[in-house]
Amino acid sequence: MEDLYGRQHTFPSLENNKKIAPSETQLSVVDSLIDSMMLVAEDENEELRDLFKPHHLPNPAFQRHFQCLHHRAVHPDSPLPPMESWLEAALDRPEVIKERCQAPLEEIKKLFPLTEVEKKKKLKTSAQIFGKDSEEPDAKKAKEDEAEEEFNLADIAEGSVTSVGSVNPARDFRALIKQKTLPFGEVCQQLTHRIEQLLSNKNTQYYMKSITCIQAFREQSVKQGNADLFNSYLQSLKRSIPSRALEVFWDLLVQDAVTLISKDEVEGSAVSKNEASQFLLAEEKKEQPAPELVEDTGDVDDLLDMM
């Protein structure tokens with residue numbers, strides 16, 4: 001009753017789904033299984049009789065409960081005994097039913113084969129965790145962006161966004177850019193301040209939130225045609241990674257491919273497309289060549305004497 005009326009869940013119709021529609025053969029074998037498991041049978045006088053008579057059986061829960069109580073009282077230190085065989089048999093299917101349903105069950109196994117589906121585990125990026133998978137079609141992304149813009153415009157109409165807050169800084173940043181009440185540079189400065197606060201917490205959850213802010217920073221910089229502020233911040237951030245022990249964060253940023261804004265995206269950018277693509281590559285540590293082992297040849301004067 002609770003499942004039917006108490007929970008407002010909606011599920012697609014099973015009848016109108018052609019992919020899972022059963023064949024006539026499948027329906028027929030299920031009908032056969034139901035018929036074979038009916039708990040009634042005709043006797044010699046062609047009258048129906050019950051094969052399973054629950055009103056003649058003692059309550060199995062009571063029987064087992066008092067069996068354990070009796071055993072514990074008489075043998076307090078020994079483990080509880082197994083269920084009595086007559087009680088276990090009473091809970092099982094009648095032998096007639098067992099024999100009768102074997103053939104339909106075998107047919108069902110053939111007509112309804114079960115195959116194991118192996119799910120390939122992919123490395124989750126922050127975009128996937130926050131529900132913005134990079135593999136989504138461009139048309140779908142455009143619709144989501146439009147919906148997000150409408151949501152932010154509603155917030156602006158209410159006058160609720162006045163600065164880049166700490167709860168959802170990326171959303172506040174986008175809202176302030178659209179509102180145009182503050183200079184672009186000042187809004188970017190507020191956002192980078194929030195990013196630095198988030199990065200001070202060495203936690204993956206805060207790293208993910210920081211990446212969302214950086215993605216918003218890049219996105220709006222491209223829209224505004226201003227690449228210098230974003231590129232300058234991202235370059236300084238990369239330089240500070242070793243001293244701040246933010247290697248884990250940088251790896252996440254690399255997974256999301258958040259790089260510098262190139263000339264191809266913003267005309268005034270000082271970064272070429274090749275430089276932007278190489279920016280996220282790890283800097284290779286130059287290994288110093290090992291000193292060559294030179295045998296001791298003695299003093300130079302000794303060598304001259306030998307000549």
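How many aromatic pairs does the count come to? Here is a friendly walk through that and a few related features.

1. The answer is five aromatic pairs. Please keep in mind that this is a predicted model. Two of the pairs are described below, after a word on the chain as a whole.

2. For orientation, the chain has 14 helices and two strands. Of its 307 residues, 26% are buried. Among contacts with a separation of 6 or more, 57% join residues that are 24 or more positions apart.

3. A good place to start looking is where helix H11 (residues 228–244) packs with helix H12 (residues 247–255). Their axes are 9 Å apart and the angle is about 140°. Angles over 145 degrees would count as roughly antiparallel, so H11 and H12 are oblique to each other.

4. Which residues meet there? From H11 come Leu 234, Leu 237, Lys 238, Ile 241 and Pro 242, and from H12 come Glu 247, Phe 249, Trp 250 and Leu 253. Sorted by class, this contact of H11 with H12 has seven nonpolar residues, two charged ones and no polar ones.

5. Phe 249 of H12 also belongs to one of the aromatic pairs, and its partner is Tyr 207. The two rings are 5.7 Å apart centre to centre, with 55° between the planes, and the pair is tilted. Tyr 207 lies in helix H10 (residues 204–224) and Phe 249 in helix H12, so this pair ties together parts 42 residues apart in sequence.

6. Are these two residues buried or exposed? Tyr 207 has a relative accessible area of 5%, so Tyr 207 is buried. Phe 249 is buried too, with a relative accessible area of 0%.

7. Next, have a look at Phe 217 and Phe 230. Their ring centres are 5.3 Å apart and their planes stand at 85°, so the pair is edge-to-face. Phe 217 is in helix H10 and Phe 230 in helix H11, so the pair ties together parts 13 residues apart in sequence. Phe 217 is buried, at 1% relative accessible area, and Phe 230 counts as buried at 0%.

8. Phe 217 and Phe 230 are also members of a cluster that ring pairs link together. Its other members are Phe 173 and Tyr 233.

9. Finally, come back to Lys 238, one of the H11 residues that meet H12. Lys 238 lies over the face of Phe 279, at 4.5 Å from the ring centre.

How values were computed: Residues are numbered from 1 along each chain as its sequence is written. This is a predicted model: local features need pLDDT of at least 70, side-chain atom pairs count only at pLDDT 80 or more; totals for chains, interfaces and linings use all residues. Side-chain values use heavy atoms; hydrogens and water are left out. Axes are lines fitted to C-alpha atoms, for helices over the stretch in contact, and angles run from 0 to 180 degrees between N-to-C directions. Helices (H or I, at least four residues) and strands (E, at least two) are DSSP runs, numbered from the N terminus. Angles under 35 degrees count as roughly parallel, over 145 as roughly antiparallel, 65 to 115 as roughly perpendicular and the rest as oblique. Contact means heavy atoms within 4.5 Å. Ala, Val, Leu, Ile, Met, Phe, Trp, Tyr, Cys and Pro count as nonpolar, Asp, Glu, Lys and Arg as charged, and the others, Gly among them, as polar. Rings of Phe, Tyr and Trp (its six-membered ring) pair if their centres lie within 6.5 Å; planes under 30 degrees apart count as stacked, over 60 as edge-to-face and the rest as tilted. Buried means under 20% relative accessible area, exposed over 50%, partly exposed in between (1.4 Å probe, protein chains only). A charge sits over a ring if NZ of Lys or CZ of Arg is within 6 Å of the ring centre and within 35 degrees of the ring normal.
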